[in-house]
Amino acid sequence: MSGAEQANLLNDTTRTSGKDALKKNIDAAVAVSDAIRSTLGPDGLDKMLIRDNGDAFVTNEGVTVLNEAKVEHPAAKMIISSAINQSNKLSDGTTTTVLLIAELLQNAWELVTKGIHPTTIIEGYKIAMNHTISHLEHISKEVKSKDDILAIINTSLSGKGTSSMKNSIANLAMISMDGVTKTNEEGVTFDPTLLKIIKDKGGTITDSWTMNGIVIPKQAVHPNMNTDIVDGAILLIDGGIEHKDLSINASLKITSAGMIEEFKKQEVNRIKSEISEIAKLGINVLVCKDGISDEGIRELEKLGIAAYRRVEKNDLELLAKATGATISNNPQTCSKQHVGNFKRSREEKWGNVHHWIIDGVSNKGMTLILKGSSSQIMDVAEGAFNDAIRLACNLERNKKMLPGGGGSYISAARNIKSLKINELGREQLALDAFAATLETVPMALAQNSGLNGLDELLNLISSQSNLNNKDPNKASWLGINLSSKTVENTLESGILDSAAVVLQSIKSSTEAAIAILRIDDVLWARQDPSIPDEVQQSLDNS
Ligand code: ADP
Ligand code: MG
């Protein structure tokens with residue numbers, strides 16, 4: 001193919017290649033990172049996001065900002081998907097990941113302008129990443145106590161709400177662990193279908209509480225029903241006990257007067273017989289997803305069965321898990337196998353609303369009753385609770401922790417700087433660039449707390465280096481405590497990160513940076529060839 005023919009092939013594309021392509025991709029990465037850098041850490045600022053429909057909300061979560069951003073640039077999209085991936089895997093460490101990607105790329109660019117080829121930088125970054133991971137694994141410590149877990153959750157919820165709110169959420173998450181987790185081949189994982197959240201406006205987040213069992217804002221279908229039952233049996237029906245609606249469910253050929261009356265009588269008898277069959281199962285509580293007819297309610301009341309109707313499907317599923325019941329599809333086919341058990345079922349009036357409270361026999365199924373002065377505050381607390389539970393599960397699977405407050409990153413940077421790998425040539429420069437990248441984490445943390453980033457960074461490096469001569473193990477655990485604004489032993493100040501989160505951030509940021517460094521050609525399709533010209537034109541004109 002001639003050069004001219006080749007050029008023709010790319011007629012419909014805009015092309016940037018070589019250094020230009022790399023620079024444009026790096027600029028996009030830096031733009032993404034700049035958008036969320038100020039949210040990092042305990043004093044990170046919030047961002048106000050406004051959706052297309054004008055709804056505004058405030059968040060401190062880097063990943064939420066990126067999720068909402070309408071980003072077109074492919075490199076920026078790659079970075080955002082790395083952050084989302086980190087968030088899905090570990091629900092933490094996303095801002096750090098993005099920051100590291102942008103910094104790795106900016107430092108790489110400086111080397112490229114000095115004539116170092118991206119392939120050499122990639123090799124150097126891989127070596128540095130592997131050393132960093134083994135160093136951090138080496139200095140990590142076992143998570144031993146409940147206090148360690150609470151400290152890690154508290155550190156992870158850093159920018160979310162006040163410290164009393166974080167403490168309450170961390171505590172609630174810890175006590176709910178057993179009730180809302182399942183164990184599968186991956187280990188312990190959070191099962192959101194085991195958690196019912198009720199937002200009860202009023203008070204503050206610290207007044208929130210959890211209970212074993214399930215709370216549903218409902219009352220029994222008849223006030224005379226006995227609703228306070230201990231050690232009872234329950235039946236769940238994914239349907240109702242109702243009259244057939246003549247216009248929908250039945251076709252009736254009317255041949256004589258009184259036939260409709262007769263049909264109605266038969267329906268009442270059918271309902272009564274369905275209920276007497278159900279009663280033979282020995283249940284005390286009946287729950288239906290749909291309605292229960294008036295005759296049915298009277299019959300149930302006579303038989304001493306408390307009944308709840310129009311209960312949502314996900315609540316039925318939650319009740320099934322908590323009581324060991326199997327949901328029946330239809331009242332006619334219920335059997336003993338469908339019946340579940342509970343320790344206690346009762347009703348309480350909270351404010352003006354009746355709540356049905358049921359403690360199942362399995363230890364699964366919990367309700368979190370969130371209190372708060374506004375729905376926005378309760379939403380933030382709900383997000384924090386979900387993150388806290390996920391983190392607690394991750395810690396159950398990977399019981400390792402690392403120093404927070406930038407300690408891990410400085411320890412790893414010192415380690416890389418101390419490496420003298422003889423056979424390395426120009427890659428050594430990439431190792432230095434990697435170490436400099438790690439140092440930006442404590443620097444950004446300090447800057448976001450209104451401190452001088454460079455001074456704090458130098459102070460932390462020299463504190464670790466000085467102690468390193470006497471006690472290298474302790475040296476790595478020094479980090480900046482941004483509450484007291486001093487360099488401290490993070491084990492004592494309880495500023496601790498989950499090792500899995502830190503390691504994943506380092507791995508995914510290096511991988512993303514490498515993927516971007518590999519690109520030396522960006523071809524933008526000018527238009528989607530599958531769209532016919534006329535349509536494209538009208539789109540362009542619209
Ligand atoms: P990410 O999205 O990366 O998790 P965060 O905004 O949650 O970002 O900030 C996490 C960082 O903040 C971690 O490096 C953690 O060690 C640090 N951090 C949290 N609380 C403190 C604190 N009180 N003092 C110093 N560093 C803290
Ligand atoms: Mg975090």
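In this predicted model, the lining of the largest pocket is made up of 15 nonpolar, 24 polar and six charged residues. The pocket itself has a volume of about 870 Å³. Its lining counts 45 residues, and those closest to the centre are Gly41, Pro42, Thr155, Ser156 and Ser158. Several elements take part in the lining: helix 5 (94-113), helix 7 (146-156), helix 8 (163-180), helix 14 (427-448), strand 17 (478-481), strand 19 (496-498) and helix 18 (499-517) each contribute at least two residues. The largest share belongs to helix 7, which provides five residues.

A second pocket can be described in the same way. The second largest pocket has a volume of about 740 Å³. Around it stand 23 lining residues, with Val58, Thr59, Glu61, Asp379 and Val380 nearest the centre. Two or more residues of this lining come from each of strand 3, helix 3 (62-68) and helix 12 (375-397). Helix 12 gives the largest share, namely seven residues. Sorted by class, the lining of the second largest pocket holds nine nonpolar, nine polar and five charged residues.

Helix 12 deserves a look of its own, and two of its residues make a helpful pair to study. Glutamine 376 is located in helix 12, and asparagine 394 also has its place in helix 12. Glutamine 376 counts as exposed because its relative accessibility is 56%, and the cut-off for that label is over 50%. Asparagine 394 has a relative accessible area of 8%, so it counts as buried, a label that applies under 20%. The side chain of asparagine 394 makes a polar contact of 2.7 Å with the side chain of arginine 397. To give a sense of distance along this part of the chain, glutamine 376 and asparagine 386 are 10 residues apart in sequence, and their C-alpha atoms are separated by 16 Å.

Strand 3, met above in the lining of the second largest pocket, also has a partner strand. Strand 2 (residues 47-50) and strand 3 (residues 56-59) run antiparallel and are joined by four bridges. One of the bridge pairs can be named: lysine 47 is matched with threonine 59 in strand 3. Threonine 59 is also among the residues nearest the centre of the second largest pocket. Together, strand 2 and strand 3 form a hairpin with five residues between them, and in the turn glycine 54 has a positive phi of about 95°.

The model also contains open sheets. Strands of a sheet pair through backbone hydrogen bonds, in either a parallel or an antiparallel manner. One open sheet has six strands in the order 9-14-13-10-11-12, and its pairing is mixed. Its edges are formed by strand 9 (214-216) and strand 12 (306-308), each of which pairs on one side only. From one strand to the next, the twist averages 35°. At one end of the order, strand 11 (residues 285-288) runs parallel to strand 12, and three bridges join them. Within this pair, valine 287 has tyrosine 308 of strand 12 as its bridge partner.

Another open sheet has three strands in the order 4-16-19, with antiparallel pairing. Strand 4 (141-142) and strand 19 each have a single partner strand, so one side of each is left without a neighbour in the sheet. Strand 16 (residues 400-403) runs antiparallel to strand 19 and is joined to it by three bridges. Here leucine 402 faces aspartate 497 in strand 19. Strand 19 also links this sheet to the opening topic, since it supplies at least two residues of the lining of the largest pocket.

Finally, the interior was searched for enclosed spaces. Across the whole structure, one cavity of 30 Å³ or more is found. The largest cavity has a volume of about 30 Å³. Its lining consists of Leu100, Leu104, Phe434, Thr437, Leu438, Ile506, Ser509 and Thr510. Helix 5, helix 14 and helix 18 are the elements that give two or more residues to this lining. By class, the lining of the largest cavity has five nonpolar, three polar and no charged residues. Helix 5, helix 14 and helix 18 also appear among the elements that supply at least two residues to the lining of the largest pocket.

Notes:
Residues are numbered from 1 along each chain as its sequence is written. Chains are lettered from A and ligands numbered from 1 in the order in which they are written. This is a predicted model: local features need pLDDT of at least 70, side-chain atom pairs count only at pLDDT 80 or more; totals for chains, interfaces and linings use all residues. Side-chain values use heavy atoms; hydrogens and water are left out. Two strands pair if DSSP finds at least two bridges between them. On a 1 Å grid over the protein atoms alone, a cavity is a set of points where a 1.4 Å probe fits but cannot get out, and a pocket is an open set with protein on both sides within 12 Å along at least five of seven lines; lining residues have an atom within 4 Å of a point. Grid points are joined across faces, edges and corners, and a volume is the space filled by probe spheres set on the points. Ala, Val, Leu, Ile, Met, Phe, Trp, Tyr, Cys and Pro count as nonpolar, Asp, Glu, Lys and Arg as charged, and the others, Gly among them, as polar. Axes are lines fitted to C-alpha atoms, for helices over the stretch in contact, and angles run from 0 to 180 degrees between N-to-C directions. Buried means under 20% relative accessible area, exposed over 50%, partly exposed in between (1.4 Å probe, protein chains only). A polar contact is a pair of N or O atoms within 3.5 Å; within protein, one must be able to donate a hydrogen and the other to accept it, and residues adjacent in sequence count only if both atoms are side-chain atoms.
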